[in-house]
Amino acid sequence: MADSKPQPLPKLLIVEDDEGLQAQLKWAYEDFQVVIAGDRESAIAALRAEEPAVVTLDLGLPPDPDGTTEGFAVLDEIMALKPDTKVIVASGHGARESALSAIERGAYDFYQKPVDIEQLGLIVRRAFNLHRIEEENRALAAKAGDGNTVLGGLITSAPEMVKVARTIERVANTNVSVMLLGASGTGKELLARGLHDASMRKNGNFIAINCAAIPENLLESELFGHEKGAFTGAVKTTEGKIEMADGGTLFLDEVGDIPLTLQVKLLRFLQERTIERIGGRSAISVDTRIVCATHQDLEAMIAAGNFREDLFYRLAEVVVKIPSLAERPGDATLLAKAFLKRFAAEMNPVISGLAPDALAAIDGWNWPGNVRELENRVKRAVIMADGKLVGASDLDLGGDEDETQDVLNIKSAREVSDRKVIRRALARSEGNISSTAKMLGISRPTLYDLLKQYDLHA
């Protein structure tokens with residue numbers, strides 16, 4: 001049997017102007033293919049040519065060896081050209097301020113001079129390991145994207161939303177009717193589309209209709225269609241949304257706004273799987289799956305006589321409750337970054353990220369309009385921002401809103417608070433343990449202990 005081809009050594013770029021330290025670091029990292037650069041120009045050239053997974057960067061580079069401006073310029077260029085690179089920065093100048101600024105700009109970790117080779121080696125190996133894991137995850141995500149994706153558009157790190165996604169995954173390949181309950185702007189249509197894409201009906205049409213946005217006298221025609229001459233203005237036969245979704249999925253948003261007279265006709269369709277167009281005399285068989293959503297209390301509407309109980313049970317074979325954005329700690333930051341990236345590419349390519357005060361404001365806001373409000377604010381901020389970073393003022397957010405917890409036990413309240421703070425910090429640092437620990441002002445071992453204690457994951 002032929003010998004397997006040896007794997008190439010992972011590439012480590014060392015950006016350091018001290019020749020003695022260059023040699024010392026190169027000797028210390030025999031497990032890596034080490035590339036040396038002594039200034040900004042050679043560092044960026046090496047980045048382009050070698051595409052290293054990890055970079056160690058001395059912030060004190062010529063022509064500013066006693067400052068940090070040149071080092072930060074290199075860091076900014078690396079993050080712009082290859083943002084998945086793990087950059088570990090070092091400086092003996094204003095260590096704490098440099099550390100915070102470097103992490104905010106995208107650095108993976110930070111170490112102080114004089115260099116402790118053993119400690120730095122540990123950080124470097126951890127960075128390579130994280131980079132490898134992220135590459136594997138991207139490859140798996142890309143592979144999944146070519147096949148049967150499950151809720152591919154959902155961005156979340158919150159267990160509450162993960163639970164929602166798993167529930168939808170379980171029911172996707174059945175024909176049960178699903179009702180999504182949640183406040184306006186929580187992403188009900190996105191989840192409905194995700195359910196459709198994860199089902200055996202994914203090659204059929206996904207048709208969405210907002211029942212609250214269509215006048216009552218037109219809603220029946222929109223849903224069931226009409227024959228030519230059925231009423232004034234019906235100049236041709238038109239299929240309704242139910243018929244258009246044959247073989248696929250019909251999403252009825254704000255189903256609580258369907259008038260009682262039309263509820264009877266919808267119930268008949270769900271029971272018999274046939275429809276009659278307005279003005280028509282023949283039954284048309286239709287194989288359409290119904291997914292519906294509402295922010296209203298349908299059980300209260302049933303009690304008041306405004307919604308049919310038998311229709312409710314037909315529509316709500318499976319009920320999925322969607323948490324508000326305020327109930328999903330960390331998700332606001334993740335979503336804001338995703339929206340910013342998309343809108344910046346479309347409308348203002350100069351924008352490169354969110355400033356620290358913007359991240360703090362996003363974390364502190366209660367988001368009464370949920371994801372839709374967040375998306376609108378980020379879009380406006382990208383258009384209005386003057387600099388490279390979107391600030392809190394660009395988002396037009398007020399001060400932090402108080403969050404009251406219905407917890408009387410101090411220990412329980414502390415746990416709830418700790419969980420939220422840790423999850424928000426993890427979201428802001430994109431799962432980087434070192435950065436999260438620095439944000440929280442604790443050591444990495446302490447953070448690991450807290451993650452284990454609260455059953456949280458990076």
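**Notebook: a few places in a predicted model**

I looked up Trp367 first and found it in the loop between helix 14 (356-364) and helix 15. I note here that the model is predicted. Is Trp367 buried or exposed? Its relative accessible area is 3%, and the cut-off for buried is under 20%, so Trp367 is buried. I then read its backbone: phi of Trp367 is near 50°, a positive value in a residue other than glycine. I wrote this down because most residues other than glycine have a negative phi.

I went on to Arg273, which also has a positive phi, of about 60°, although it is not a glycine. Arg273 sits in the loop between helix 10 (260-272) and strand 11 (274-275). Its relative accessible area is 29%. Partly exposed covers what lies between 20% and 50%, so Arg273 is partly exposed.

Next I checked a peptide bond. The bond from Pro62 to Pro63 is cis, and its omega is near 10°. I kept it in the notebook because most peptide bonds are trans. Pro63 belongs to the loop between strand 3 and helix 3 (69-81).

From that loop I stepped back to strand 3 (residues 54-58), where Asp58 is placed. The UniProt record, an unreviewed entry, lists Asp58 for "modified residue: 4-aspartylphosphate". I asked which residues Asp58 is in contact with, leaving aside its neighbours within four places in sequence. I found Val15, Glu16, Asp17, Gly71, Ala90 and Lys113. Asp58 counts as buried because its relative accessibility is 5%.

Last, I returned to helix 15 (residues 370-384) and looked at how it packs with helix 13 (residues 331-347). The angle is about 40°, and the axes are 9 Å apart. Angles under 35 degrees would count as roughly parallel, and roughly perpendicular begins at 65. Helix 13 and helix 15 are therefore oblique to each other. I noted the crossing of the two helices as right-handed.

Which residues meet there? On the helix 13 side I listed Ala332, Leu335, Ala336, Phe339, Leu340, Arg342, Phe343, Ala344 and Met347. On the helix 15 side I listed Val371, Leu374, Glu375, Val378, Lys379, Val382 and Ile383. I sorted the residues of this contact by type and got 13 nonpolar, no polar and three charged.

Note on methods. Residues are numbered from 1 along each chain as its sequence is written. This is a predicted model: local features need pLDDT of at least 70, side-chain atom pairs count only at pLDDT 80 or more; totals for chains, interfaces and linings use all residues. Side-chain values use heavy atoms; hydrogens and water are left out. Axes are lines fitted to C-alpha atoms, for helices over the stretch in contact, and angles run from 0 to 180 degrees between N-to-C directions. Helices (H or I, at least four residues) and strands (E, at least two) are DSSP runs, numbered from the N terminus. Angles under 35 degrees count as roughly parallel, over 145 as roughly antiparallel, 65 to 115 as roughly perpendicular and the rest as oblique. A crossing is left-handed if the near helix is turned anticlockwise from the far one by less than a right angle, and right-handed if clockwise. Contact means heavy atoms within 4.5 Å. Ala, Val, Leu, Ile, Met, Phe, Trp, Tyr, Cys and Pro count as nonpolar, Asp, Glu, Lys and Arg as charged, and the others, Gly among them, as polar. UniProt positions are given in the numbering used here, feature names are shortened, and annotations may be inferred rather than shown by experiment. Buried means under 20% relative accessible area, exposed over 50%, partly exposed in between (1.4 Å probe, protein chains only).
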